[in-house]
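Hi there,

Here is the structure I promised to pass on to you. My notes on what turned up in it follow underneath, so you can read them with the model open.

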Amino acid sequence: MKSRTWVDSACSALICVLLVSLTIAQAQESDEAAAACLRTDHREEPDPVSFEHPPLPAYSSEQASCWAGVEALKDASLMVLDVREQDAAATSVIGGATPMALSAVADKSYLKPQRLLLVGTGVDLRSLTQTCVALRSKGFGDVHVLLGGASTWSKEPQASWTSAQHAWLGSGEGLWRIAAVGFSARQLRSLPQPAAVQLPAGANAFDLRRAMSANAAANPLQRPTQWLVVGADPAAAQALFADWFASDASGFSAQTGNSVKWLAGGWSAYEAYIAQQKILAAHAGRPLPRNCGS
């Protein structure tokens, strides 16, 4: 009995030693973390990531045959399918359109005899085009995709604005030819693609229209490419936008057969969006840093 008591006592003492050692180690780790939080030179920087569009194959002639321009809006025989995601569809209503998930269209055999027009966000052209080709191969005889998406549907000038996210995504889809106004050399390098037209700050709508017309005359725009105007200064870009629409913007579109998009918030909005995406990409799959004192 005495032997067993001695063993029990020894085990209890050993457990105590281990618990104390563990407590001390945790305290030291906590102290080191706290000290690191208080150090002004301490930064938990994520690994740098590349945030560039991968090279995409050119659209084939078969794919290009799926595209329909603004003229399709005059065709009353078309059945319009709004295939945008719910959050995107909630931002604007397409009158007379039938909401439907893009992935669900192929399962609707009753649509095969119909003339279908798929309307997306405008920057989802590649996925819609691929779906169009696939639908045609499955017996959907007359399917087209509206270039420019829902914004083409609207006749309001504000529909000409596009977000920084759409500017980035559209660049990957091959949608833009950029006209940059008031940019420094550093700012130009940050754009998703080289600017085809560069104008100084203070340029007016006449200057912009003339420069874009000259560029398009030398290198005609091919579908699905359209102009994207980006201003370095948001306020100046807003003023230029107002000047553009007050001075025959519709005439330019009719002359060139191409609508013009404007980057909402200008270069600063685009720069902020890219910075945010880089942070998210760098931290993907990494644990969130612990706040000091927690």
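**Overall picture**

The chain has 11 helices and 10 strands. Please keep in mind that this is a predicted model. Of the 294 residues in the chain, 35% are buried. The chain exposes about 17,300 Å², and carbon and sulfur atoms supply 57% of that area. Contacts across the sequence also stand out: among those between residues at least 6 apart, 74% join residues at least 24 apart.

**The sheet with β1 at its edge**

Five strands make up an open sheet, in the order β1-β5-β4-β2-β3, with parallel pairing. Its edge strands are β1 (67–68) and β3 (98–99), each of which pairs on one side only. Strand β1 is joined by two bridges to β5 (residues 142–146), and the two run parallel. If you would like a residue to look for there, Trp67 has Val145 in β5 as its bridge partner. Helix α4 (residues 125–137) lies across β1, β4 (115–119) and β5, and it runs at about 175° to β5.

**The sheet with β6 at its edge**

Another open sheet is formed by five strands in the order β6-β10-β9-β7-β8, where the pairing is parallel. Here the edge strands are β6 and β8 (197–199), each pairing on one side only. Let me walk you through some of the neighbours.

- Strand β7 (residues 176–181) pairs with β8 in the parallel sense over three bridges, and Ala179 stands opposite Val197 in β8.
- Between β7 and β9 there are six bridges, and these strands run parallel. Ile178 has Leu228 in β9 as its bridge partner.
- Strands β9 and β10 also run parallel, joined by three bridges. Leu228 appears again here, with Lys261 as its bridge partner in β10.

How many residues of β9 are buried? Six of its six residues are, so to speak of β9 as mostly covered is fair.

Two helices to look at against this sheet are α6 and α8. Helix α6 (residues 164–172) lies across β6, β7, β9 (226–231) and β10 (260–263), running at about 130° to β7. Helix α8 (residues 205–218) packs on the sheet and touches β7, β8, β9 and β10; its direction makes about 155° with that of β8.

**Aromatic pairs**

If you enjoy ring contacts, there are six aromatic pairs in the structure. One of them is Tyr59 with Trp67: the ring centres are 5.0 Å apart and the planes stand at 80°, so this pair is edge-to-face. Trp67, the residue bridged to Val145, is buried, with a relative accessible area of 7%.

Trp161 and Phe241 form a tilted pair, with 4.5 Å from centre to centre and 40° between the planes. Trp161 belongs to strand β6 (residues 161–162) and Phe241 to helix α9 (residues 234–246), so their pair ties together parts that are 80 residues apart in sequence. Are these two residues buried or exposed? Trp161 counts as buried, at 17% relative accessibility, and Phe241 is buried too, with a relative accessible area of 4%. Ring pairs also link Trp161 and Phe241 with Trp244, Phe245 and Trp262 into a cluster.

Arginines sit over rings as well. Arg126 lies over the face of Tyr59, at 4.2 Å from the ring centre. Arg177 lies over the face of Trp227, at 5.7 Å from the ring centre.

**A loop residue to look at**

Which loop holds Ala232? Ala232 lies in the loop between β9 and α9. Ala232 is buried, with a relative accessible area of 16%. Leaving out residues up to four places away in sequence, Ala232 touches Val181, Gly182, Phe183, Gln187 and Trp267. The C-alpha atoms of Ala232 and Gly265 are separated by 9.0 Å, while the two residues are 33 apart along the chain.

Happy browsing, and best wishes!

Methods: Residues numbered from 1 in each chain as written. Predicted model: local features only at pLDDT ≥ 70, side-chain atom pairs only at ≥ 80, totals over all residues. Heavy atoms only, no water. Phe/Tyr/Trp six-rings, centres within 6.5 Å; stacked < 30°, edge-to-face > 60°. Buried < 20%, exposed > 50% of the residue type's maximum accessible area, 1.4 Å probe, protein only. Helix = DSSP H or I, 4+ residues; strand = E, 2+ residues; numbered from the N terminus. Lys NZ or Arg CZ within 6 Å of the ring centre and 35° of its normal. Contact = heavy atoms within 4.5 Å. Areas by Shrake-Rupley, 256 points an atom, 1.4 Å probe, with all protein chains shown as cover. Pairing = 2+ DSSP bridges. Axes fitted to C-alpha atoms, helices over the stretch in contact; angles between N-to-C directions.
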